[in-house]
Amino acid sequence: ATPRCAGWRLARVVDFLQRRSLFQEGEAAFANALAALPAASLAARATGWLQARLQIAQAGMLNSLTQYQEAAALARAVLAFATAHQDTLLVALGCLQWGTALYRQGFFDDALTQLGQGLATLVSAQPAGELPVEADLRLRIAATLLEKGELAPARAELELALAIYRQVGLRTGEGDALTGLGWLEQRAMNLAAAQAHLTDALTIQRELNLQHGVTLTLINLANVHELQGDFSGAYNLRREALDVLERIDDRFHRSLLNHGLGVMLSRLGDYAQAHHYYERALALDREIGDSAGIAWTQNNLGLLYHHLGKFELALALHQDALRIAREQGARTIEGLALSRVGQDLHALGRLDEALAALQAAIEIQQELHQTVWEIESTAELATTYLDGAQPEQALTLVDALLPRLKANRTLHGAREPFRVYWNCYSVLAANHDPRAAGLLAAAGDDLRGQADSIQDAALRRSFLENVPAHRLIMRAAA
């Protein structure tokens, strides 16, 4: 076979190994093949082509094994060879693996530069039969844009990738693109659309026995169920994902799963178990060098400490998450971290600093159209004004929030939906506003309704009694 033909066959082998999560076996096989290559009876040029394709295959395995520095080094070596020999396909593949390594480490702007270069090179040359590589690049670009909070361009890339995968009949890619669209709709809080995309993706991935894809889709489906208030459904999906992860070596998704379990248990007020899962996620994030993962986990671990009254410790974690987010250009994480910093500063009585942080958070969340998170930040801003002896300013903000709460009473996607209601109630009560009683009654009804959906009695009690905003609402409404 020609080196190009061997390269195409190799791509199919890589796809099989990745879809079955045989990362260690694949990396070892490609490393052995590279070591044996000098003894092969091939012309020098043919040896170079085949070596580059084997390096790309090994880089893909290394990225899956979270060995990002090694993967990036191989990708750079391939790019040097591909540029010298004007091979557009190899340039695209090298950019894909280097961009993936950068993305997984949270270097989103650098990742977009590499991925964009690969896509531009491939599209301009239009080599025959390489549409799947274009779709793979678009899929990774979309994931990176989502991390930056740029939903509209991410949607465009995902839809193009999905169309290509369907055009060439690549079902594995179709499942990945549907998972990506589900993730996007989850971020946009279009939860019904998210669930539909993810369910379609899961059907394909189970049909093809794609363990890696099944795991990621289950994690995203669990997030959707949790945002809908279905904690039992979310827990069951995460347990199913954990069963899959126990059979494969995938630290990146083990981190995501542990983080998700921490978020859910924290929302239920089981802070001891939540802390356990957050620490496991943080250890994995640090082990694999996932800066964005570290920032996400620190944001939520900090919130846990805030709920426990450890405000200084919470502030330190949130400020570090903010630093990482700004270094990586991760605007979504930056906005969330600013909001959390504002909460901590408010609790510590540093009101002017709190106001500045919350206003900065709101600007980012408005820019990224994160409506529910912006509502949370605005409610916190209102109580900060209230505690700063500015009740009129606080009431003005709450007056603007109340119609929005009426239109979106459940606040699906909010990190602390009942804290929003408590904050608004507090402002109304302080201003002797007659609307306070009705808002408190509605919040109490919704809180009890969510509690009734929690099957485990201990968790139901924890949900009502341990979470600070829940406890305050239940006492005030009694």
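How do the axes of helix α18 (residues 351–367) and α19 cross, and within what distance do they come? The close-ups below, all taken from a predicted model, begin with that helix pair.

**View 1. Helices α18 and α19 cross at roughly 160°.** Their axes come within 9 Å. Because angles over 145 degrees count as roughly antiparallel, α18 is roughly antiparallel to α19. The crossing in which α18 passes α19 is left-handed. On the α18 side, the residues in contact include Leu351, Leu355, Leu358 and Ile362; their side of the interface meets α19 residues, among them Trp373, Ser377, Leu381 and Tyr385.

**View 2. Trp296 and Trp373 form one of five aromatic pairs that a search of the whole structure finds.** The ring centres lie 6.5 Å apart and the planes stand at 65°, so this pair is edge-to-face. Here distant parts of the chain are linked: Trp296 belongs to helix α15 (residues 291–307) and Trp373 to helix α19 (residues 371–387), 77 residues apart. Trp296 and Trp373 are both buried. You have already met Trp373 in View 1, among the α19 residues that meet α18.

**View 3. Phe418 and Tyr421 make a tilted aromatic pair.** Centre to centre, the rings are 6.5 Å apart, with 40° between the planes. Both residues lie in helix α21 (residues 417–430), three residues apart, which is about one turn of the helix. Phe418 and Tyr421 are both buried.

**View 4. Arg76 places its charged end over the ring of Trp98.** Look for the charged end of Arg76 5.3 Å from the centre of that ring.

Note on methods. Residues numbered from 1 in each chain as written. Predicted model: local features only at pLDDT ≥ 70, side-chain atom pairs only at ≥ 80, totals over all residues. Heavy atoms only, no water. Phe/Tyr/Trp six-rings, centres within 6.5 Å; stacked < 30°, edge-to-face > 60°. Helix = DSSP H or I, 4+ residues; strand = E, 2+ residues; numbered from the N terminus. Buried < 20%, exposed > 50% of the residue type's maximum accessible area, 1.4 Å probe, protein only. Lys NZ or Arg CZ within 6 Å of the ring centre and 35° of its normal. Axes fitted to C-alpha atoms, helices over the stretch in contact; angles between N-to-C directions. Parallel < 35°, antiparallel > 145°, perpendicular 65-115°, else oblique. Left-handed = near helix turned anticlockwise from the far one by under 90°. Contact = heavy atoms within 4.5 Å.
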